[in-house]
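Visitor: I have a model open and would like to learn how to read it. Could you take me through it feature by feature?

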Amino acid sequence: MYGAILGDIIGSAFEFDRGGKTKEFPLFCEESTWTDDTVMTIAVAEALMEAGRDATVPEIEAACVKSMQKWGRKYPYAGYGGRFIHWVHSDDPHPYKSYGNGSAMRVSAAGWLYDTIERTREVARATAAVSHNHPEGIKGAECTAAVIFMARQGATDEAIAEYVKVEFGYDFSESLDAMRARHAHVESCMDSLPKAMRAFLDGTSYEDVVRNAVSLGGDTDTLGAIAGAMAEGFYGVPEDLKKECLERVPKDMRTVIERFDALIS
Ligand SMILES: [Mg+2]
């Protein structure tokens, strides 16, 4: 989950095209901070650990609702969407057909915990379905987790690209330059997943993938989180960046990250 959290922190300084759409920028600056993407990544990771690896889909969904409400209420000003914050505070939260990229940015833990791609996708679906139950919201989460799973299993980027095309139908043939040329701050899975895939496939290291993602402008923290999560599966995250990550989050989040790390290593 370092990959997603660092991507969020690094991207946070450049949201709404503040970064000039370039790959040349300081990885960390005064504005760099964790946002909703980090809080919800932590929440999902804790939920999946609490539920256990063999949990049923209803058990996973219940654990996700409980954990996302807990963490969302604890850190209410992290930049959530309006409907999601309403969901966080609801006594009876229901999914609201969202296709926002929130389902994809928070799912990364699911990519690391399970032995098969089918189970990985089933759990990813469950983490999304409690709020983002639009087919595109579900798809964004499933795709992100599937890419992490394949990457950490040693699949080539060609194999990953082919799987994503066939299974999820995303078109990520456009170049990063062409994506940069479009001026849009779009927070949907349909917009973010092809961008994250292109950033991931064109990158040469964890850091390079995140630079690709952030250089696209728009929703840079979430693009950084999704592409960064994919890149962690493929390249791992350098130790100095992991250390930087742990120093930049509150202690309660650090505890979850370290617990999760111990579980998967
Ligand atoms: Mg954010």
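Guide: We will go through a metal site, some salt bridges, a helix pair and a buried helix. Keep in mind that this is a predicted model.

Visitor: Let's start with the metal. Which residues coordinate the magnesium ion?

Guide: Look for the donor atoms around the ion. Thr35 gives OG1, while Asp36, Asp37 and Asp221 each give OD. The distances run from 2.1 to 2.5 Å. Along the chain, the donors follow the spacing T-D-D-x183-D. Asp36 belongs to helix H2 (residues 36-51) and Asp221 to helix H12 (residues 220-235). These two are 185 residues apart, so the pair links distant parts of the chain.

Visitor: Are Asp36 and Asp221 buried or exposed?

Guide: Buried means under 20% relative accessible area. Asp36 has 10% and is buried. Asp221 has 3% and is buried as well.

Visitor: Next, salt bridges. How many does the structure hold?

Guide: The general idea is that side chains of opposite charge can pair when their charged atoms come close. This structure holds 18 salt bridges. One of them joins Glu122 to Arg119, with the closest N and O atoms 2.7 Å apart.

Visitor: Where do Glu122 and Arg119 sit in helix H6?

Guide: Count along the helix. H6 covers residues 117-129, and the two residues are 3 apart in it, so about one helical turn separates them. Then check accessibility. Glu122 is partly exposed at 29%, whereas Arg119 is buried at 17%.

Visitor: What about Asp202 and Arg198 in helix H10?

Guide: Their side chains form a salt bridge with an N to O distance of 2.7 Å. H10 spans residues 189-202, and the partners are 4 residues apart, about one turn of the helix. Asp202 is partly exposed at 35%. Arg198 is buried at 15%.

Visitor: Which helices hold Arg125 and Glu142?

Guide: Start with the bridge. The side chains of Arg125 and Glu142 meet at 3.2 Å, N to O. Arg125 lies in H6 and Glu142 in helix H7 (residues 135-152), so this bridge ties together parts that are 17 residues apart in sequence. Arg125 is partly exposed, with 35% relative accessibility. Glu142 is buried, with 6%. Both also belong to a network of salt bridges that includes Arg121 and Glu167.

Visitor: How should I read the packing of H6 and H7? At what angle do they cross?

Guide: Check the axes, then the contacts. The axes come within 8 Å and cross at roughly 145°. The crossing is right-handed. On the H6 side, the contact residues include Ile117, Thr120, Arg121, Ala124 and Arg125. On the H7 side they include Gly137, Ile138, Ala141, Glu142 and Phe149. By type, the contact of H6 with H7 has 10 nonpolar, 2 polar and 3 charged residues. Arg125 and Glu142, the salt-bridge pair, are among the contact residues.

Visitor: Last one. Why is helix H1 described as largely enclosed?

Guide: Count its buried residues. H1 runs over residues 2-12, and 11 of its 11 residues are buried, so the rest of the structure largely encloses this helix. Among them are Tyr2, Ile5, Leu6, Asp8 and Ser12.

Visitor: What do the buried residues of H1 pack against?

Guide: They pack against H2 and H12, along with helix H5 (102-105), helix H11 (206-214), helix H13 (239-248) and helix H14 (251-264). H2 and H12 came up earlier, as the helices of Asp36 and Asp221.

Terms used:
Residues are numbered from 1 along each chain as its sequence is written. This is a predicted model: local features need pLDDT of at least 70, side-chain atom pairs count only at pLDDT 80 or more; totals for chains, interfaces and linings use all residues. Side-chain values use heavy atoms; hydrogens and water are left out. A salt bridge is a side-chain nitrogen of Lys or Arg within 4 Å of a carboxyl oxygen of Asp or Glu. Buried means under 20% relative accessible area, exposed over 50%, partly exposed in between (1.4 Å probe, protein chains only). Donors are N, O and S atoms within 2.8 Å of the metal (3.2 Å for Na, K and Ca); water is not among the atoms, so sites may look incomplete. Axes are lines fitted to C-alpha atoms, for helices over the stretch in contact, and angles run from 0 to 180 degrees between N-to-C directions. A crossing is left-handed if the near helix is turned anticlockwise from the far one by less than a right angle, and right-handed if clockwise. Contact means heavy atoms within 4.5 Å. Ala, Val, Leu, Ile, Met, Phe, Trp, Tyr, Cys and Pro count as nonpolar, Asp, Glu, Lys and Arg as charged, and the others, Gly among them, as polar.
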